[in-house]
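Biologist: I would like a close look at a single part of this model. Please take one helix, and go through its core contacts and its charged side chains in one connected account.

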Amino acid sequence: LEMLTEGIGESVTTRLGQERRLRLLERNQIDQALQEIDFGQTRYVDKRTATALGRIAGAEVAVQGGYQRIEGQIRVSARLIHIETGEILDTLSVNHSAKDLFGVQDLVAAELARRLTLFLR
């Protein structure tokens, strides 16, 4: 499932990169900001950490999420967090067959792009 974590991140970045109105942070910018807040070795970024990270990196909205795999299904959940207030702007949950990891990545990326662009209007 480690591949899924990386795959979703890459798929979302690629898809959102197609939206001209969005400016994305590169992974190295995020890693550098995590070092500045002394994030440590944990892989979980809670809402407070995402907000601090966004402030350091100069972002307006952070995307935070995770996934669960149960039997033949996978659920990906994500939250859009407004950096300035820490408010959760929107959430999404995608259920999909675990046999089609590319499909779930594409669904999550498309839905995140759709929801993020709504905030730009």
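Modeller: What follows is an account of helix H4, beginning with the core and moving on to the salt bridges.

The model is predicted, and the values below are computed from it. Helix H4 covers residues 101–118. The largest nonpolar core contains 17 residues. Helix H1 (2–17), strand E2, strand E3 (88–97) and H4 each contribute at least two residues to this core. H4 gives the largest share, 6 residues. The residues with the most contacts inside the core are Val12, Leu16, Val104, Val108 and Leu112. In general, nonpolar side chains of soluble globular proteins tend to be buried together.

Val12 shows how some of these contacts are made. Once its neighbours within four places in sequence are set aside, Val12 is in contact with Val108, Ala109 and Leu112.

The charged side chains come next. The count of salt bridges is 3. Side chains of opposite charge can pair when their charged atoms come close. One of the bridges joins Arg115 to Asp90, with an N to O distance of 3.2 Å. This pair links distant parts of the chain, since Arg115 belongs to helix H4 and Asp90 to strand E3, 25 residues apart. Arg115 is buried, because its relative accessible area of 16% is under the 20% cut-off. Asp90, at 24%, is partly exposed.

Arg115 also forms a salt bridge with Glu111, and here the closest N and O atoms are 2.6 Å apart. Both residues, Arg115 and Glu111, lie in helix H4, and their spacing of 4 residues is about one turn of the helix. An α-helix has 3.6 residues a turn, so residues three or four places apart point the same way.

Glu111 meets a further partner, Arg114, in a salt bridge of 2.7 Å, N to O. Arg114 and Glu111 are 3 residues apart in helix H4, so about one helical turn separates them. Arg114 has a relative accessible area of 43% and is therefore partly exposed.

Taken together, Asp90, Glu111, Arg114 and Arg115 are linked in a network of salt bridges. Within this network, Glu111 pairs with Arg114 and with Arg115, while Arg115 also pairs with Asp90. Helix H4 thus appears in both parts of this account: H4 supplies 6 residues of the largest nonpolar core, and Arg115 of H4 is paired with Asp90 of strand E3.

How values were computed
Residues numbered from 1 in each chain as written. Predicted model: local features only at pLDDT ≥ 70, side-chain atom pairs only at ≥ 80, totals over all residues. Heavy atoms only, no water. Core = buried A, V, L, I, M, F, W, Y, C linked by side-chain atoms within 4.5 Å. Buried < 20%, exposed > 50% of the residue type's maximum accessible area, 1.4 Å probe, protein only. Contact = heavy atoms within 4.5 Å. Salt bridge = Lys/Arg side-chain N within 4 Å of Asp/Glu carboxyl O.
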